[in-house]
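Welcome! Let's take a friendly walk through this structure, one feature at a time.

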Amino acid sequence: MASIFALLKKFKNGLDMGSIQSVDEMSVIPLVGDDRGDIVADPQELKFQRTTNYGSMQFDNTERSRPAIVPSNYMVRGTGAQDHAMSSAGIVAGGKTKTFDTACCIESSQGGYLGGANNEYDVLPIGLRKNLLPASMRNRRSYDKLWPSIEEWLKGIGINSYNAHLRYFYDDKNIRQALEDFAAEFEPIPNQIGAIILFNEMPVGFEVMPTTIHWNAYWKYLIRGCYGAELIRMKKLGIVKSSRLVLPDIPAKSTPEELAELFSSYQQSLTAGVIPLLEKINVKDYKAVSSTSGLEMNFVTTTSGGGGDVIAQGQEPVYASIVF
Amino acid sequence: MAEKGLQLDSGILQFAPKGAFYETQDEQFKQIYRMWEDLFLYDRTLFCLTTLLGGTGFSKGSMSHMLLSNPQSVEDGALIPQGLAIDYERNVIIHNLKRERTPRALKNLLMLTGGEGMKKVNNARTRKIILEFIFNRDHEALDNLAVNYKGKLKRLVRHALGRQTLSRIVDHGDEKLFNKWIGRYHPNALPVILYLFDRPVPANTVMAYYKKIEQVLSLKEAAVKDDIKAFEKYMKGLPYLTVMGYRNTYKVTIDKADVLEGSKMTDRQSLQMQTAAKRSGAKVKVNYNNQSIYDLWKIYYHNLMQSDTTDLPKIEKAIDEKHAKAAKIDIGPVTIVIDASESMSGSDKRPLHPFLTSLSILSVLDNIVDVIYVGGKPIDVNGNQIAVPGGATDLWRGLTEAVMTDAKKIIIISDGYENSVKGMFEHAYKHFKNSGFDFELIHINPVMSADASKGTTRQLVEDVKPLPVSAPEFLETELIFNKMIENRELVKQLLVNKYQKLIGGQ
């Protein structure tokens with residue numbers, strides 16, 4: 001059984017790890033490398049169009065020749081309409097409109113269909129993404145399938161959990177501020193196309209996009225809406241120990257040159273330390289689920305109870321979004 | 001407000017409602033508004049006098065609004081410190097309005113009518129200030145003002161006079177009321193009032209004082225008739241926006257390019273309109289030598305981003321000249337670290353503002369030993385590498401490099417986000433200080449931050465209070481704010497002296 005790290009290595013042209021960024025309990029190790037494949041449309045070509053029914057999200061790909069990728073568990077929140085999220089990733093063929101009818105409603109007692117304008121976008125928090133991993137959840141056409149999980153997710157954090165309104169969380173003034181502050185602490189670096197995300201030095205997910213343009217378009221949804229949101233909730237519940245990375249002792253009288261060397265090797269050791277952790281997480285199942293315009297969508301599960309989507313062009317993965 | 005909890009920094013004078021990379025303008029405004037209130041309650045005189053220091057028009061307008069919303073007690077003489085006139089608040093407000101560029105000054109007055117999200121205020125003081133500011137000027141200046149800002153003046157005059165008084169003056173020719181409110185400042189201003197409210201000027205009125213108004217009236221007539229020849233004749237020398245207004249309202253069939261070339265633009269407008277002019281095929285000559293250093297950097301980077309390199313050598317030359325002529329602050333030899341990470345690229349409403357401010361600050365500091373950029377993406381311009389904000393920071397590297405230069409003063413210009421392992425900057429700083437490296441660290445933060453734990457900007461090191469500087473001309477102000485709480489009376493005396501120097505004695 002291959003480790004999840006082996007899956008990362010399957011990305012051709014190599015992926016390097018950039019310098020770690022860490023704030024309190026969350027660390028992000030940037031993944032840098034060349035753009036993947038050559039057939040994925042730029043993210044600005046993908047437009048969320050509307051919800052055609054409860055549980056159906058429609059996207060347009062305005063680029064004629066190349067397919068576009070809808071990120072895993074992409075979430076759209078609008079006003080006066082039922083907010084929605086994708087149950088998995090998606091592929092929209094070049095120049096086509098596609099409706100994903102396995103999407104979930106995430107605002108239980110709100111009626112109305114979303115339009116393409118004046119929306120807020122994010123990616124579902126990892127706790128809820130994990131709820132969508134079983135095939136019975138992600139493939140089922142049932143708009144209300146995530147409601148019990150959302151109610152559960154909202155419990156105990158001082159947010160109204162009587163209704164499955166995920167926006168109660170994102171619209172809360174203090175949480176909104178905390179999420180913005182959180183996103184502000186991390187920044188994309190040159191050539192970054194992905195990241196490994198850790199809570200208290202334990203990997204909780206990795207994300208790889210086809211190009212730096214995709215990463216720049218979606219990183220905030222991931223860092224703020226997905227991982228940041230989950231960490232804030234866990235902190236509110238008291239289930240994550242408050243901590244921050246311990247900085248290295250600097251020997252007295254170290255020169256600036258010695259300090260620079262010490263800090264560089266400290267950052268390198270933090271990055272290297274994640275590899276054995278990833279090697280312990282094994283791929284349980286890796287299977288192709290669909291194919292569109294030269295892109296193959298695969299569903300992955302891990303022995304740690306996690307999983308997600310990997311999209312490949314031929315044998316080469318060009319997109320991955322996996323939570324542990 | 002208890003003095004103990006008072007948090008102040010000069011950011012309260014430098015606010016512009018434009019948002020930042022991570023925050024909306026509403027969040028920032030609330031934070032700043034709280035600080036205005038705190039200072040107002042702490043010491044109204046200090047609050048008023050600080051507006052004499054360098055700051056943004058918006059901040060000063062908002063602070064004046066707060067002063068005018070709360071009556072100034074005239075019974076308690078003790079409230080007026082020695083050296084100030086009894087109506088010193090009015091003097092300060094008028095002085096500040098006169099120092100602003102006209103559009104901003106009018107916007108500040110419009111705050112009293114409910115503009116820019118403010119509450120309406122109308123009292124004896126506001127009435128006098130509005131009318132004095134508009135009409136207490138010579139004929140030519142009043143003529144220009146009326147033609148350039150007709151809509152704004154109309155709102156202000158209506159607000160100050162009230163509908164009834166206004167109607168008595170413009171519809172019934174009530175001379176007594178006119179003299180009471182307007183004639184006291186400008187006895188010949190009646191044609192201006194009539195022009196503002198689109199009332200016909202009586203046939204026997206002498207218009208010789210108001211040539212521009214006369215020209216606009218002729219332009220309007222030409223526009224109504226779609227007489228292009230007459231329109232072209234009368235638009236010459238009139239403000240671009242006025243001409244465009246008549247062109248669009250009456251659908252005059254004249255090319256936009258002709259309007260751009262024929263009408264008159266301020267130096268700033270011509271800079272702002274450069275792109276639109278190019279699109280329309282018109283030739284608009286920009287005088288780069290008359291721009292501020294900030295505006296020059298702004299147009300330089302704007303052109304760079306548009307891959308328009310035509311004027312870059314000219315702009316570079318103008319920047320060099322401005323830099324050489326700028327009044328410098330000498331704090332001794334200094335090494336500067338500039339944070340060029342992604343977040344220094346600012347908000348959508350004010351692109352690149354933090355980074356452009358950093359570059360502009362370089363022109364007001366003397367004795368710069370070295371400049372170290374941390375982060376950033378290089379762009380090749382005619383063989384030179386130009387830094388553009390991008391990527392993460394690793395700010396500790398900048399500090400370490402600066403310490404290596406043996407600098408005694410290190411200025412770091414950063415928004416305060418490290419983007420590495422949080423705390424590494426402070427860890428390095430403490431080590432250097434504890435190991436006997438003799439340097440003073442000054443943190444200049446060009447980005448307002450509502451989530452700052454103290455003050456208006458984010459802090460990098462516990463014992464180094466950041467100086468919020470949103471524009472290079474505000475550096476002087478910092479000293480005063482740094483001492484405001486610990487030495488209130490000294491600062492008040494400094495400000496009273498400044499008042500006497502700028503406005504005069506009692």
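## Before we start

Helix axes here are lines fitted to C-alpha atoms over the stretch in contact, and the angle between two axes runs from 0 to 180 degrees, taken between N-to-C directions. Please keep in mind that this is a predicted model.

## Two helices from two chains

Let's begin with helix α8 of chain A, residues 256-272, and helix α20 of chain B, residues 395-404: their axes come within 9 Å and cross at roughly 160 degrees. Angles over 145 degrees count as roughly antiparallel, and α8(A) and α20(B) are therefore roughly antiparallel to each other. Their crossing is left-handed.

Who makes this contact? On the α8(A) side you will find Pro256(A), Leu259(A), Ala260(A) and Phe263(A), while α20(B) brings Trp396(B), Arg397(B), Thr400(B), Val403(B) and Met404(B). Sorted by class, the residues in this contact are seven nonpolar, one polar and one charged.

## Where the chains touch

Now for the wider view: 28 residues of chain A are in contact with 27 residues of chain B. On the side of chain A that touches chain B, at least two residues each come from β2 (21-23), α6 (173-184) and α8. That side of chain A has 16 nonpolar, six polar and six charged residues.

## A hairpin in chain A

Finally, look at strands β4 (residues 46-53) and β5 (residues 56-61) of chain A, which pair in the antiparallel sense over six bridges. Leu46(A), for instance, has Asn61(A) in β5(A) as its bridge partner.

β4(A) and β5(A) form a hairpin, with two residues between the strands. In the turn, Gly55(A) has a positive phi of about 95 degrees.

Methods: Residues are numbered from 1 along each chain as its sequence is written. Chains are lettered from A and ligands numbered from 1 in the order in which they are written. This is a predicted model: local features need pLDDT of at least 70, side-chain atom pairs count only at pLDDT 80 or more; totals for chains, interfaces and linings use all residues. Helices (H or I, at least four residues) and strands (E, at least two) are DSSP runs, numbered from the N terminus. Angles under 35 degrees count as roughly parallel, over 145 as roughly antiparallel, 65 to 115 as roughly perpendicular and the rest as oblique. A crossing is left-handed if the near helix is turned anticlockwise from the far one by less than a right angle, and right-handed if clockwise. Two residues are in contact if their C-beta atoms, placed from the backbone, lie within 7 Å. Ala, Val, Leu, Ile, Met, Phe, Trp, Tyr, Cys and Pro count as nonpolar, Asp, Glu, Lys and Arg as charged, and the others, Gly among them, as polar. Two strands pair if DSSP finds at least two bridges between them.
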